[in-house]
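Before reading on, take a moment to look over the sequence and the model as they are displayed here. The paragraphs that follow go from the chain as a whole to its aromatic pairs and then to the ligand.

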Amino acid sequence: MHDPAAILAMAARTLDFGQPVAFIMLGILQFVVDYQRSLDVVRRLLAAAPSGSYLAIDVPASDMDPATLEAVRAWNRVGSAKIAARSYAEVAGYFEKLEVLEPGVVMMNDWRPAPGSPAGVRARVGGRRPQAMINSIGSCWSTSGRSDPA
Ligand SMILES: C[S@@+](CC[C@H](N)C(=O)[O-])C[C@H]1O[C@@H](n2cnc3c(N)ncnc32)[C@H](O)[C@@H]1O
């Protein structure tokens, strides 16, 4: 996660980066604890992708539910790899310069729930504690064919 060049090199063994690709970063970006570094990882990955590619992210939210921060702190007390929760604005930052698909940056259970599933229900870990995760999917829009990594 901290080495986007290595990720891209390995992915290029099976993916054609001349065609749109999808970066599905679910439950992993929080392991890059420094926000600016995580932003840099995302931007470097996007820079390798042509227009029409997709980016999906979910991370624990720092400003939606106090229980999530408790869960993050609990994880960091025992987990060997530390994690960070991110604010709504920080998550939106990952999608800067991308065309964000509806419904935008929302709690994960609110992102296009399957028909019949109760809307607005928060994810539950272990069936007990409500958790707030925020996620969204953005599409690269760069007309030059490459998104700007800067
Ligand atoms: C919540 S899971 C998400 C799994 C992911 N959605 C997938 O489909 O593979 C977090 C993952 O991050 C991995 N991980 C956490 N820290 C890591 C690190 N420093 N290096 C490599 N993998 C790491 C864990 O092994 C685990 O597979």
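What percentage of the 150 residues in the protein chain is made up of buried residues? In this model, which is predicted, buried residues account for 40% of the 150. The surface of the protein chain comes to about 8,200 Å² of exposed area, of which carbon and sulfur atoms supply 58%.

The protein chain contains four helices and seven strands, and their order along the sequence is α-β-α-β-α-α-β-β-β-β-β. Among the contacts in the protein chain with a separation of 6 or more, 77% come from residues that are 24 or more positions apart.

Two aromatic pairs are found in the structure. In one of them, the ring centres of Phe31 and Trp75 are 6.2 Å apart and the ring planes stand at 70°, so this pair is classed as edge-to-face, the cut-off for that class being an angle over 60 degrees. Because Phe31 sits in the loop between strand E1 (22-26) and helix H2 (35-47), while Trp75 belongs to helix H3 (residues 66-78), the pair ties together parts that are 44 residues apart in sequence. Phe31, with a relative accessibility of 27%, counts as partly exposed, and Trp75, with 39%, also counts as partly exposed, since that class covers values between the limits of 20% and 50%.

The other pair is formed by Tyr35 and Tyr94, whose ring centres lie 5.5 Å apart and whose planes make an angle of 55°, so the pair is tilted. It links distant parts of the chain, for Tyr35 is in helix H2 and Tyr94 in helix H4 (residues 88-94), 59 residues apart. Are Tyr35 and Tyr94 buried or exposed? Both of these tyrosines are buried, whereas Phe31 and Trp75 count as partly exposed.

Phe31 appears again at the ligand, where the surrounding residues are Leu26, Gly27, Ile28, Phe31 and Ala81. By residue type, this shell divides into four nonpolar residues, one polar residue and no charged residue, and the polar member is Gly27, because Gly is counted among the polar residues. At Leu26, a backbone N or O atom lies 2.7 Å from a nitrogen atom of the ligand. Taken alone, the ligand exposes 590 Å², and the protein buries 30% of that area.

Conventions. Residues numbered from 1 in each chain as written. Predicted model: local features only at pLDDT ≥ 70, side-chain atom pairs only at ≥ 80, totals over all residues. Heavy atoms only, no water. Phe/Tyr/Trp six-rings, centres within 6.5 Å; stacked < 30°, edge-to-face > 60°. Helix = DSSP H or I, 4+ residues; strand = E, 2+ residues; numbered from the N terminus. Buried < 20%, exposed > 50% of the residue type's maximum accessible area, 1.4 Å probe, protein only. Near = heavy atom within 4 Å. Polar contact = N/O pair within 3.5 Å; in protein donor to acceptor, adjacent residues only side chain to side chain. Areas by Shrake-Rupley, 256 points an atom, 1.4 Å probe, with all protein chains shown as cover. Contact = heavy atoms within 4.5 Å.
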